[in-house]
Amino acid sequence: MMKTVYSKQNVPSKMLFIAFFVASFLLSPFNTILAQGVTPDHIAKMKTVTGSTISENGTYVAYTVSAPADAFKENKTNATHLYVLNTSTGETKPYFTSGSVSQVNFRPSKGTITFLSKPSGDDTNALFEMSIDGGEATKLFSHSTSISNYSWQADGNRLAFSISEKDDKPETPLSYSPDFYEEDFSQRKAFIVDLSASNPEPLQLNIDGNVYMMSWSPDGNKLAVSAAPTSSVDDSYMKQGIVIVSSSTRNVIANIDNEGKLGQIEWSPNNSQLALKAAKDIHDPIDGRILIVSANGGTPQIINADYKGKYESIKWTDANTIHYLASEGTSSVLGSIRPDGSGNQQIFKSDAHNITSFSRASNGSMSFTASSPQHPTELFTLAATKNAAPQKRTNNNPWLSEVQLGKQEVITYKTRDGAYDIQGILMYPLNYQSGTNVPLITVVHGGPEAHYTNGWLTAYSIPGQMATAKGYAVFYPNYRGSTGRGAEFAYSSQGDLAGKEFDDIVDGVDYLIEQGIADKDRIGVTGGSYGGYASAWMSTYYSDRFAAAVMFVGISNNISKWGTSDIPEELYLVHSRKRIWNDWDGYLKRSPVYYVDRSETPILIMHGADDPRVHPAQSMELYRHLKVRKPELPVRLIYYPGEGHGNRNSGSKYDYNLRMLQWFDTYLMSGDAKAEKPSLDLPVKK
């Protein structure tokens with residue numbers, strides 16, 4: 001991703017007819033049956049803009065486009081290609097499409113474009129440079145190990161970069177070498193190199209721990225660097241501390257007493273302060289607040305502490321102004337604020353866009369990336385003139401003009417305990433007739449420190465518009481503990497795993513039933529990670545409410561999950577708030593496996609075979625309990641070799657998409673839990 005500034009039985013004849021209809025529906029070519037709506041084929045080729053950076057004078061925008069591989073030809077990750085927009089002429093040109101790029105920047109004082117890429121056949125990546133006029137990319141700098149991250153000093157000559165390397169494997173006279181679990185963490189080191197020198201020599205920063213973020217002071221005399229004790233995921237989440245390093249001696253000269261999650265470090269233009277996009281405290285589940293601290297060290301102070309939103313990215317633009325991108329509920333906001341927390345001003349707000357990143361030129365013009373209910377993420381620009389309207393600059397999915405989309409709207413409903421008004425997003429089936437009861441797929445986000453914004457909500461594991469084309473309504477609840485509504489709401493689910501947070505989801509379903517939209521006998525649920533946990537919970541504890549479930553990389557047993565995850569401390573500090581050894585019974589009773597005796601919900605369970613976050617055994621445990629204790633219940637477990645906490649490759653994503661929809665078509669569209677399990681054959685052919 002570009003560096004930007006900022007989941008044959010005997011049945012009545014009627015049921016046989018339904019099963020035949022569903023099977024025929026599934027096996028028919030998508031381009032004829034679903035000609036009016038979005039199909040898995042569309043999503044398999046969907047392109048998205050992943051980031052942008054605007055030149056200092058606002059004339060050019062360099063941006064990246066993620067393009068999927070053909071799932072019928074190769075099982076590969078998306079390629080990320082570089083394009084450049086001339087904001088004056090509106091012309092866009094491809095600049096680097098022969099390979100994938102990351103961390104695109106304009107080189108200060110030079111006006112060229114730099115990025116990381118790994119040439120075919122090379123073992124490591126390198127830093128490349130291109131003229132703003134295009135042409136051949138030139139290798140500017142490489143290291144013996146791949147570069148993880150880089151940052152230009154304002155003169156455009158000095159470069160700070162980090163690498164990740166492992167120690168040599170232990171020696172052994174045997175014909176094999178075992179893996180030493182968590183004893184072979186990579187070492188993340190940081191260096192400075194002057195590329196204007198005749199023989200550039202990287203010099204290592206003298207920092208204890210493993211480096212993650214680096215930010216140059218505007219005068220080039222210092223760097224703010226974040227480091228954690230180890231490169232474990234848990235430490236990277238919860239233990240990144242900030243130090244100030246002299247660029248001349250490369251030694252630490254000051255310490256910042258920050259704690260909790262950290263997302264961004266930004267220097268003030270006068271070199272005196274740092275703005276952090278970070279956690280409020282060690283128990284904050286997100287790095288979505290703004291904190292200010294002296295560059296000489298000290299304890300960061302939160303500003304605008306009562307803000308009922310989430311800061312997504314920040315950038316100083318003068319000594320008294322910080323520009324930001326924020327989420328407010330299901331809306332996105334671009335705005336500015338003073339470092340003392342006063343003067344909060346809204347520049348642009350959209351209730352129907354999900355803005356994912358922004359970049360600002362010195363003249364005040366901006367580029368940003370955003371999706372809407374009508375399209376996936378594209379590139380926009382916003383002029384610096386007052387009341388200017390954003391311009392959509394790209395159209396990477398022209399097939400959208402040939403399909404219908406279901407209506408999408410934000411809904412609000414009250415929780416059963418009266419504590420909150422919950423926001424959610426609802427998609428209606430194509431050509432929906434008011435007052436008609438339809439099957440509903442509930443899509444639960446992960447985290448739970450995340451939220452749905454009113455943008456494009458369809459992907460390989462998110463049925464969205466693919467489901468509306470088949471006659472489903474789709475519901476996306478931002479249950480308590482979700483982000484985008486301030487600190488108190490984000491903290492509100494802590495210490496209550498699967499409790500009121502998941503009750504909020506059921507309350508949303510009840511609301512849609514009461515509104516005459518959802519058919520109470522045909523309610524489905526799906527989600528990944530924490531959303532997979534919710535899917536398992538709904539198909540066991542709340543099984544009487546749900547007719548079908550698809551669980552992805554989800555949690556089934558909180559006791560075994562704690563001991564097999566790579567983030568046990570994060571789980572304790574920002575979720576459970578109780579040590580597992582002090583509450584064995586509580587952890588067990590908030591586990592779906594504990595309620596398998598209630599389960600009557602057909603469930604498809606899918607998991608990456610190499611998932612380090614939620615071990616694949618979590619899926620196997622639920623599967624085994626169901627197979628032994630509920631042998632008549634339709635259940636299927638699918639592992640995806642080579643995939644982790646979510647599928648990354650084209651073939652496995654497309655396969656997941658087809659099987660998810662196939663399961664819902666079999667059990668949710670009919671509401672028949674006794675229907676024969678779908679064939680193992682894919683429900684579509686090339």
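In this predicted model, Phe552 sits opposite Met606 of β35. That pair belongs to the parallel match between β34 (residues 548-552) and β35, which runs over 4 bridges. On the other pairing of β35, strand β36 (residues 635-640) also joins in the parallel sense, this time over 6 bridges; here Ile603 has Val635 as its bridge partner. Strand β35 itself, residues 603-608, is well covered, with 6 of its 6 residues buried. In a regular strand, side chains alternate between the two faces of the sheet. For β35, one side carries Ile603, Ile605 and His607 and the other carries Leu604, Met606 and Gly608, and both faces turn out to be covered.

Helix α8 (530-538) gives a similar picture of cover: 9 of its 9 residues are buried. The list takes in aromatic names such as Tyr530, Tyr533 and Trp537, along with Gly531, Gly532, Ala534, Ser535, Ala536 and Met538. Just ahead of the helix, Ser529 falls in the loop that links β33 (518-528) to α8. Its backbone is a little unusual: Ser529 has a positive phi of about 65° although it is not a glycine.

Ser109 shows the same kind of backbone feature, again a positive phi of about 65° in a residue that is not a glycine. Most residues other than glycine have a negative phi, and most peptide bonds are trans. Ser109 lies in the loop between β5 and β6 (113-117), and because its relative accessibility is 64%, the residue counts as exposed. A cis peptide bond turns up as well, between Gly447 and Pro448, with omega at about 10°. Pro448 is placed in the loop between β31 and α5.

The strands on either side of Ser109 are part of an open sheet of 4 strands, ordered β5-β6-β7-β8 and paired antiparallel. β5 (102-106) and β8 (134-142) are the edge strands; each has a single partner, so one side of each has no neighbour in the sheet. From one strand to the next, the twist averages 25°. At the β8 end, 5 bridges hold β7 (residues 126-131) and β8 together in antiparallel fashion, and Ala126 faces Ser142 of β8.

Another antiparallel arrangement is built around β30, residues 421-427, where 5 of 7 residues are buried. This strand is joined to β29 (408-414) by 7 bridges, the two running antiparallel, and Val410 has Ile425 of β30 as its bridge partner. The hairpin of β29 and β30 has 6 residues between the strands, and within the hairpin Gly418 takes a positive phi near 75°. β30 also pairs with β32 (residues 473-478), antiparallel and over 5 bridges; in that pairing, Gln423 is matched with Asn478.

Two asparagines in loops are worth a look. Asn454 is in the stretch between β31 (438-444) and α5 (464-468), the loop that also holds Pro448. With a relative accessibility of 6%, Asn454 falls under the 20% limit and so counts as buried. Its side chain has polar company: a polar contact of 2.8 Å links it to the side chain of Gln408, and a polar atom of the Asn454 side chain lies 2.9 Å from the backbone oxygen of Asp351. The other asparagine, Asn397, is in the loop between β28 (391-392) and β29. Asn397 is buried too, at a relative accessible area of 1%. In sequence Asn397 is 349 residues from Thr48, yet the two C-alpha atoms are 8.3 Å apart in space.

As for internal space, rolling a probe the size of a water molecule over the atoms shows where empty space is left. The largest cavity holds about 80 Å³. Its lining is made up of Lys280, Gly288, Arg289, Ile290, Ile302, Ile303, Asn304, Ala305, Tyr307, Gly309, Tyr311 and Ala487. By class, that comes to 7 nonpolar, 3 polar and 2 charged residues. Two strands, β19 (289-294) and β20 (301-303), each supply at least two residues of this lining.

Methods:
Residues are numbered from 1 along each chain as its sequence is written. This is a predicted model: local features need pLDDT of at least 70, side-chain atom pairs count only at pLDDT 80 or more; totals for chains, interfaces and linings use all residues. Side-chain values use heavy atoms; hydrogens and water are left out. Two strands pair if DSSP finds at least two bridges between them. Axes are lines fitted to C-alpha atoms, for helices over the stretch in contact, and angles run from 0 to 180 degrees between N-to-C directions. On a 1 Å grid over the protein atoms alone, a cavity is a set of points where a 1.4 Å probe fits but cannot get out, and a pocket is an open set with protein on both sides within 12 Å along at least five of seven lines; lining residues have an atom within 4 Å of a point. Grid points are joined across faces, edges and corners, and a volume is the space filled by probe spheres set on the points. Ala, Val, Leu, Ile, Met, Phe, Trp, Tyr, Cys and Pro count as nonpolar, Asp, Glu, Lys and Arg as charged, and the others, Gly among them, as polar. Buried means under 20% relative accessible area, exposed over 50%, partly exposed in between (1.4 Å probe, protein chains only). A polar contact is a pair of N or O atoms within 3.5 Å; within protein, one must be able to donate a hydrogen and the other to accept it, and residues adjacent in sequence count only if both atoms are side-chain atoms.
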